[in-house]
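I opened my notebook to look up a few things in this structure. The core comes first, then charge pairs, then the surface.

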Amino acid sequence: MKPARSGILVFRFSAMGDVAMTAPVLAAFRQQYPNIPLGVVSRNAFTPFFADIPQLSFHSLEPKGRHKGLTGLFKLFLELNATRPKAVADLHNNLRSRILGLFFFFCGVPVIRVEKAREEKKQLTRKNNKVLRPLLAITERYAGVFGKLGFPVKLSHQLLPKNPQPISESLIEICGDKTSSKWIGVSPFAQHSQKVYPAEKMYQVILQLAEKGYQLFIFGGGHSEQTIAAEWAAGHPGIKSLIGKVNLEQELALISNLDLMISMDSSGMHLASLKGIPVVSVWGATHPFTGFLGYGQSLQDAVQLDLYCRPCSVYGNKPCYRGDFACMNNLPESVVIQTVIKKLKNE
């Protein structure tokens, strides 16, 4: 006889920032429903996001390996169905997650998918007759899925208390010991260029803060970003690049020891939120009103220009139709710097 079904299976496969934003929702769920089993299905690289949530099982998705294609998805379904989930919370709602959810639906397992509010987002980003109003936070949309499954989740939207993690010896060799100077993380890159503050302007922000005595650490990016960050770090002893030198677990440990993070509308903002670190976020083509402001972060710490064309995109993946990228090019470095200094004084 098969065991009774119990617990909730959660789908959120990518991207890094979106997966990170599920963690505070699941942490709140665990506090409010301590006896309901939770299983998360995502890419193995994102396991550290859920390390602090008790009684949570993680199931690795391998979309380029054993879970590739329809046959691979059915294999994944068989693996997951063996855990006997009672319900599925699809926090991704893409083709892969819908197919996987369909397999569970045919087994009588209820599946609730996150509402993506595409029409509201179109109204917010269209050129003409733009409706500039804040949309529901994505974390609230995630929580709403659990509510529809019969488990309403109340979110505080407050940063978690800071809990600095021990820094390993290997990490200390890279970043040094924390002294009296404030530590500032910088996540200056993003997947889409319309989210990125121009490199020469960002370097001036970093350099001027370093010259004021702050210690800055640069996070996130690939090979080309690693080269840029290395050039910045060579210009001042108070600037250090971590790109290509640490894994995600080490990165999160160091972030937990920061005093503040400077980030684009990108994963750096959400990693800092996981560790209770305040963020000064810089916004270009996108906008906090789309619902992707970091969990617990303040809109007052979002640096942005008030332009008729903003936002022109939800994800920053569309070219500037004006052709001048004014939302970033016209944003003074001094505004970012002063916002950072003011925030640090108030912490």
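A nonpolar core here is a set of buried Ala, Val, Leu, Ile, Met, Phe, Trp, Tyr and Cys residues joined through side-chain atoms within 4.5 Å. I note that the model is a predicted one.

**Core**

I looked up the largest nonpolar core and found 56 residues in it. I8, V10, L26, F49, F50 and F146 have the most contacts inside this core. Next I asked which elements give two or more residues to this core. They are the strands β1 (8–11), β2 (38–43) and β4 (87–90), along with the helices α1 (16–32), α5 (138–148), α6 (169–175), α9 (248–255) and α10 (267–274). Helix α1 gives the largest share, eight residues.

**Salt bridges**

How many salt bridges does the structure hold? I found 12. I followed three of them.

I began with E79 and R66, whose side chains meet at 2.6 Å, N to O. E79 lies in helix α2 (residues 69–81) and R66 in the loop between β3 (56–61) and α2, so this salt bridge ties together parts 13 residues apart in sequence. E79 is partly exposed at 34% relative accessible area. R66 is partly exposed too, at 40%.

I went on to R113 and D90, a salt bridge with its closest N and O atoms 3.7 Å apart. R113 sits in strand β5 (residues 111–113) and D90 in strand β4, so I logged a link between distant parts of the chain, 23 residues apart. Is D90 buried or exposed? D90 has 0% relative accessibility, so it counts as buried. R113 is partly exposed at 30%.

My third pair was K178 and D259, with 3.0 Å between the closest N and O atoms. K178 is in the loop between α6 and β6 (183–187), and D259 is in the loop between α9 and β9 (260–264). They are 81 residues apart. K178 is partly exposed at 38% relative accessibility. D259 has 13%, and buried means under 20%, so D259 is buried.

I also checked for shared partners. E62, R66 and E79 are joined into one network by salt bridges.

**Surface patches**

I then turned to the surface. R98, R118, K122 and K318 form a positive patch there. K122 belongs to helix α4 (residues 118–125). K122 is exposed, with 54% relative accessible area.

Which residues form a nonpolar patch on the surface? I noted L102, F105 and F106, with about 350 Å² of accessible area together. I placed F105 in helix α3 (residues 95–106).

Key:
Residues are numbered from 1 along each chain as its sequence is written. This is a predicted model: local features need pLDDT of at least 70, side-chain atom pairs count only at pLDDT 80 or more; totals for chains, interfaces and linings use all residues. Side-chain values use heavy atoms; hydrogens and water are left out. Patches are made of residues with over 30% relative accessible area and no salt bridge: like charges are joined within 9 Å, nonpolar side chains (Val, Leu, Ile, Met, Phe, Trp, Tyr) within 5 Å. Accessible areas come from the Shrake-Rupley method with a 1.4 Å probe; for residues, only the protein chains shown count as cover. A salt bridge is a side-chain nitrogen of Lys or Arg within 4 Å of a carboxyl oxygen of Asp or Glu. Lys and Arg count as positive and Asp and Glu as negative; His and the chain ends are not counted. The place of a charge is taken as NZ of Lys, CZ of Arg, CG of Asp or CD of Glu. Helices (H or I, at least four residues) and strands (E, at least two) are DSSP runs, numbered from the N terminus. Buried means under 20% relative accessible area, exposed over 50%, partly exposed in between (1.4 Å probe, protein chains only).
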